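User: I should like to learn how to read the features of a protein model. Could we proceed one feature at a time?

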Amino acid sequence: MIKLKNLTKRYNNQTVFKDLNLRIDTGQVVGVIGPSGAGKSTLLRCINLLEKPDSGSISIDDQVVTAPHFSTKESIELRQKSSMVFQQFNLFRQKTILSNVTEGLMTVKKLKRPQAVKIAKNVINRVQLTDQINKYPSQLSGGQKQRVGIARALAMDTDVLLMDEPTSALDTELVGDVLDTIKKVIEQNEQQTIIIISHELQFIKDVASRVLFFDQGKILEDGTPEQIFDSPQNPRTQQFLTRYRQQGI
């Protein structure tokens, strides 16, 4: 379970969000939608402390940090509860697919190489890249790079999986393969809590068990996919979705 209590984040004199409260139960697949610049990515990065909140608390299961004063030990313990799929892949360019996936297993989880390789090969197979396992990122398409990013996150076997616009850096023809990969991950999911930020609204409607509409640092609407997409109550949500429907989405 994830709980955010009175979470506040500022950049210089600009408040991204203030006194934000959110609870996500274990095993939920939560889609976060909303306009660009609304603070969605910052929210995700605060959950795993890639961004340091200015105040408030974050808890994942029994691990809690209270901002702004928390120890390095508390930070590490909370980060180990989640893994993240980034917009820009963030792969090690000088390492093969296999080495990119085993890196975290050996450095963070302290696994021996044979065990790390066994886990890595399993998740690489899950994202259908076994035949590319010894290639480097420069030899891969954008879609393949993102699938490596997904495999790397899956290998860590964390309680929480965070996906920050996983298709936003891809050419249009590559988006489908990555979305299919994510869909299979969700279908195979048992107890992992998943949060996905995406502008692929039909995809979010198809895979999420819960949808949040986020704008100007606030959760303006929270409900099932059917409630949010078919019968939105908030005028801003209605406006946002109308614009997308006009574009054929």
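Analyst: We begin with a term: contact means heavy atoms within 4.5 Å. The model before us is predicted. With contact in mind, the cover over the buried residues of helix H6 includes strand S3 (29-33), H4, H5, strand S7 (160-164), S8 and helix H7 (201-207).

User: Which residues of H6 are buried?

Analyst: A residue is called buried when its relative accessible area is under 20%. In H6 the buried residues are Val-175, Val-178, Leu-179, Thr-181, Ile-182, Val-185 and Ile-186. Viewed down the axis of H6, these buried residues fall within an arc of 160°, so they line one face of the helix. The face turned away from that buried side carries the exposed residues Glu-173 and Glu-187.

User: Why do residues three or four places apart in a helix point the same way?

Analyst: An α-helix has 3.6 residues a turn, so residues at that spacing point the same way. Helix H4 offers a second case: Ala-116, Val-117, Ala-120, Val-123 and Ile-124 are its buried residues. Down the axis of H4 they fall within an arc of 135°, so they too line one face of the helix. Pro-114 and Lys-118 are exposed on the face of H4 turned away from the buried side. Helix H3 (97-107) and helix H5 (142-155) are among the elements covering the buried residues of H4.

User: How many Å should the 14 residues of H4 span, at 1.5 Å a residue?

Analyst: The expected span of H4 (residues 113-126) is 20 Å, and its end C-alpha atoms are 20 Å apart, which agrees. For H6 (residues 172-188), with 17 residues, the distance from first C-alpha to last is 26 Å, close to the 24 Å expected. Following H4 comes Gln-128, whose phi is positive, near 60°.

User: Which residues have the most contacts inside the largest nonpolar core?

Analyst: The general idea is that in soluble globular proteins, nonpolar side chains tend to be buried together. Here the largest nonpolar core has 49 residues, and those with the most contacts inside it are Ile-33, Ile-124 and Ile-196. A second, separate core has 30 residues, including Val-30, Cys-46, Ile-58 and Ile-195. Beyond four places in sequence, the residues in contact with Ile-33 include Phe-213, Phe-240, Leu-201 and Ile-228.

User: How many aromatic pairs are there, and where do the partners lie?

Analyst: Rings pair if their centres lie within 6.5 Å. The count comes to 1 aromatic pair. Phe-213 and Phe-240 form it, with a tilted arrangement: 5.2 Å centre to centre and 50° between the planes. Phe-213 lies in strand S9 (residues 210-215) and Phe-240 in helix H9 (residues 235-246), so the pair ties together parts that are 27 residues apart in sequence. Phe-213 is buried at a relative accessible area of 0%, and Phe-240 is buried at 1%. A ring also figures in another arrangement: the charged end of Lys-52 sits over the ring of Phe-70, 5.5 Å from its centre.

User: Is Thr-193 buried or exposed?

Analyst: Thr-193 has 2% relative accessibility and therefore counts as buried. Its place is in strand S8 (residues 193-197). Among the residues that Thr-193 touches, beyond four places in sequence, are Ile-2, Ile-24, Asp-25, Asp-159 and Leu-161.

User: And is Gln-144 buried or exposed?

Analyst: Gln-144, in helix H5, counts as buried because its relative accessibility is 18%. Leaving aside neighbours within four places in sequence, Gln-144 is in contact with Leu-129, Gln-132 and Gln-139.

Key
Residues are numbered from 1 along each chain as its sequence is written. This is a predicted model: local features need pLDDT of at least 70, side-chain atom pairs count only at pLDDT 80 or more; totals for chains, interfaces and linings use all residues. Side-chain values use heavy atoms; hydrogens and water are left out. Helices (H or I, at least four residues) and strands (E, at least two) are DSSP runs, numbered from the N terminus. The expected span of a helix is 1.5 Å times one less than its number of residues. Buried means under 20% relative accessible area, exposed over 50%, partly exposed in between (1.4 Å probe, protein chains only). The arc is that of the directions from the helix axis to the C-beta atoms. Rings of Phe, Tyr and Trp (its six-membered ring) pair if their centres lie within 6.5 Å; planes under 30 degrees apart count as stacked, over 60 as edge-to-face and the rest as tilted. A charge sits over a ring if NZ of Lys or CZ of Arg is within 6 Å of the ring centre and within 35 degrees of the ring normal. A nonpolar core is a set of buried Ala, Val, Leu, Ile, Met, Phe, Trp, Tyr and Cys residues joined through side-chain atoms within 4.5 Å.
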